[in-house]
Amino acid sequence: MPKPDYTALDLPPAPANRPYIITNMVMSLDGKAVVQTTEQGIGSKVDQRLMRELRVNADIVLTGAGTLRASGTSSRLGDSGLEQIRVARGKPRAPTAAVISRSGDLPLDRPFFTARDFDAVVYLSDEAPAARRQAIEATGRPVHMLPVLGPLDAMLKHMRHDLGSSVVLVEGGPSLNAGLFGLDVIDEYFVTIGPVVVGGRDTPTPVGGAKAFARNELRRFDLVWAIPNDATGELYCRYRARR
């Protein structure tokens, strides 16, 4: 099946104060990101493969708490061949998984917390109750506290300077995407367009947020490629931020 090779991306160096950030999403023809609360049903197995190929490039795979609650999340590649590509590049077999949460209301029975075949870190707001922080720390996953003001900036600085991360892959959800687009720190946007229509006035799109950008605030991107797959009806798009 025709598809791009997401394991061989030519990514620019990371900025000095944050990692290079790539975002990956799947959406329907009408721009919806979920079907009955998760993305399952929009993308094909080829799209799922591409998601794992993108992880080959990342030092950290980041999701929001809502995505973890709805779908579960990990940084696994699920393929020994992909793992070997990382090893050959001097990287661990899997990137570090990360989740960011304001409340600390996280499902601690998920593999993100129970598995030990990948590292993980939790970014938690200073607003979160102490009991929830303690419960998360009891799983063995490290917790890094974020200030109420500028939490995303603080998280990215920690990833770059304390964890030494050059590339972060963001896998949603819409609220986290909106925050990062709002800061204008998304460097590349990968999106698979699936050949389905979901509908629904309130169905989430890949980028949410409380308010839309004004015309003078629009984030502009250049198309790197758009590759159709006749077998699945999907279109695989890669955009790079216009700086």
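Leaving aside neighbours within four places in sequence, which residues is P204 in contact with? Keep that question in mind while the whole of this predicted model is in view.

Begin with the protein chain as a cartoon, where the secondary structure comes to seven helices and nine strands. Its radius of gyration is 17 Å, close to the 18 Å that the globule rule gives for 243 residues, so the chain is as compact as a globular protein of that length. Aligned along the principal axes, the C-alpha atoms fill a box of roughly 50 × 45 × 35 Å. If you count contacts between residues at least 6 apart in sequence, 71% of them join residues at least 24 apart.

Switch next to a surface, whose accessible area comes to about 11,800 Å², with 51% belonging to carbon and sulfur atoms. Colouring by charge brings up 30 positive and 27 negative charges, and the mean positions of these two sets are 1 Å apart. Buried residues make up 46% of the chain.

Now select helix 1, residues 45-55, in which V46, D47, L50, E53, L54 and R55 are buried. At the start of this helix, add the side chain of S44, one oxygen of which reaches to within 3.1 Å of the backbone nitrogen of V46.

Finally, select P204, in the loop between strand 7 (188-193) and strand 8 (221-229). P204 is partly exposed, with a relative accessible area of 35%. Show the residues around P204 to settle the opening question: beyond its sequence neighbours within four places, P204 is in contact with G31, K32, A33, V34 and P174. A C-alpha to C-alpha distance drawn from P204 to G78 gives 28 Å, for two residues 126 apart in sequence.

Note on methods. Residues numbered from 1 in each chain as written. Predicted model: local features only at pLDDT ≥ 70, side-chain atom pairs only at ≥ 80, totals over all residues. Heavy atoms only, no water. Helix = DSSP H or I, 4+ residues; strand = E, 2+ residues; numbered from the N terminus. Rg over C-alpha atoms; globule rule 2.2 N^0.38 Å. Buried < 20%, exposed > 50% of the residue type's maximum accessible area, 1.4 Å probe, protein only. Contact = heavy atoms within 4.5 Å. Areas by Shrake-Rupley, 256 points an atom, 1.4 Å probe, with all protein chains shown as cover. Lys, Arg positive; Asp, Glu negative; His and termini not counted. Charge placed at Lys NZ, Arg CZ, Asp CG, Glu CD. Polar contact = N/O pair within 3.5 Å; in protein donor to acceptor, adjacent residues only side chain to side chain.
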